[in-house]
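Visitor: I would like to go through this model and hear the reasoning behind each label. Could we take it one term at a time?

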Amino acid sequence: MYTVTYKATYYLLSGSSDTVYTNVIKMEAYGTTYTSDKVSQGNSDASIMGENYSIEISKVDADNTETKLSGAEFVIYNMNGVQLTIITTDNVGKASAKTDTSAGIIFTEHTLYYLQEITPPAGCVLDTTKYYFWFCNNSGNSCTTCDNLEASLPSGSECNQLAATGGIITVKNEKEKGYELSSTGGPGTGCYYFFGLLLIAGAWIILRSRKAWMGRN
């Protein structure tokens, strides 16, 4: 007989109590799958670990921040690269997420997360920047933990310290550029010059031919 021992962390929102969770163990050995009976455990004595934090994204045009952009999709990850949720900006350029234990979205204080765009708004260039953020209940005051979190990120990173009441991260998008003529005389302009010369030469030949014909008559 084998005994499997494991530890699990169960997050509750602040104020929650007398919650019961159910767990099922499933494992494979020698080509056979074994599933345990459901085990229910009350956790009225469990410590409260989750916080009801929230984050909002404001998506705007880089050239005119008054223009709000809809249809942008973002993934929010924890620092292990585990996807927590996908959110999409609405018709006023807003998208939000909050702690939701039933959906597996867990935000805790002084924990790094990041969001990244996976689908840009129509007509815009994809922004691959990682926007790091964390929550701090001591926002607005000096916080050594927050300083250490920011220092742990790569130099030049987009980092955002959000208050316990939540916060907004503004993300700008560049428009897609249309086809531009090359100023170096490459294929972009060369073809136009060539066909332009052909049209001029053709018109000159037709004009000369017409004058010659009229002269003979």
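Guide: Gladly; let us begin with contact, which means heavy atoms within 4.5 Å. Please keep in mind that this is a predicted model.

Visitor: Which residues does Lys172 contact, leaving aside its neighbours within four places in sequence?

Guide: Lys59, Val60, Ala62, Thr65 and Asp127 are in contact with Lys172 once those neighbours are set aside. Lys172 itself belongs to strand 12.

Visitor: What makes Lys172 partly exposed rather than buried or exposed?

Guide: Buried needs a relative accessible area under 20%, and exposed needs over 50%. Lys172 has 46% relative accessibility, so it counts as partly exposed.

Visitor: How far apart are the C-alpha atoms of Lys172 and Ser58?

Guide: They are separated by 8.4 Å, although the two residues are 114 residues apart along the chain. Ser58 stands opposite another residue of strand 12, Thr170.

Visitor: How do you know that strand 5 and strand 12 are paired?

Guide: Pairing requires at least two bridges found by DSSP. Strand 5 and strand 12 are joined by seven, so they qualify as a pair. The two strands run parallel.

Visitor: Which sheet has strand 12 in it, and why is strand 12 called an edge strand?

Guide: Strand 12 belongs to an open sheet of three strands with the order 8-5-12 and mixed pairing. Strand 8 and strand 12 are its edge strands, each pairing on one side only. From one strand to the next the twist averages 20°.

Visitor: What makes strand 6 largely enclosed by the rest of the structure?

Guide: Five of its six residues are buried, and therefore strand 6 is described as largely enclosed.

Visitor: Which strands pair with strand 6?

Guide: Strand 7 pairs with strand 6 in the antiparallel sense over five bridges, and here Phe74 stands opposite Ile87. Strand 9 is also antiparallel to strand 6, with six bridges joining them; Tyr77 faces Tyr114 across that pairing. Strand 6 and strand 7 make a hairpin with four residues between them, and Gly81 in the turn has a positive phi of about 80°.

Visitor: Let us turn to the rings. Why is the pair of Tyr53 and Phe135 called stacked?

Guide: Ring centres must lie within 6.5 Å to make a pair, and planes under 30 degrees apart count as stacked. By this rule there are eight aromatic pairs. Tyr53 and Phe135 have 4.6 Å from centre to centre and 5° between the planes, so the pair is stacked. The pair links distant parts of the chain, 82 residues apart: Tyr53 sits in the loop between strand 4 and strand 5, and Phe135 in strand 10.

Visitor: How do you know whether these two rings are buried or exposed?

Guide: Tyr53 has 2% relative accessibility and therefore counts as buried. Phe135 is buried too, at 0%.

Visitor: What makes Phe107 and Phe133 an edge-to-face pair?

Guide: Their centres are 6.1 Å apart, which is within 6.5 Å, and their planes stand at 75°, which is over 60 degrees, so the pair is edge-to-face. Phe107 lies in the loop between strand 8 and strand 9, while Phe133 lies in strand 10, 26 residues away. Phe107 is buried at 0% relative accessibility, and Phe133 is buried at 0% as well. Ring pairs join both of them with Tyr53, Tyr113 and Phe135 in a cluster.

Visitor: Which residues have the most contacts inside the largest nonpolar core?

Guide: Ile55, Ile76, Phe107, Leu115 and Phe133 have the most, in a core of 20 residues. Strand 10 gives the most to this core, with three residues. Leaving aside its neighbours within four places in sequence, Leu115 touches residues including Ile55, Ile76, Phe133 and Ile169. A second, separate core has 11 residues, among them Val75, Tyr114, Trp134 and Cys146.

Visitor: How many disulfides are there, and what would make one?

Guide: A disulfide needs a pair of cysteine sulfur atoms within 2.5 Å, and the structure holds zero of them. Cys124 is buried at 7%, which is under 20%. Cys159 is partly exposed because its 26% falls between 20% and 50%.

Terms used: Residues numbered from 1 in each chain as written. Predicted model: local features only at pLDDT ≥ 70, side-chain atom pairs only at ≥ 80, totals over all residues. Heavy atoms only, no water. Phe/Tyr/Trp six-rings, centres within 6.5 Å; stacked < 30°, edge-to-face > 60°. Buried < 20%, exposed > 50% of the residue type's maximum accessible area, 1.4 Å probe, protein only. Core = buried A, V, L, I, M, F, W, Y, C linked by side-chain atoms within 4.5 Å. Axes fitted to C-alpha atoms, helices over the stretch in contact; angles between N-to-C directions.
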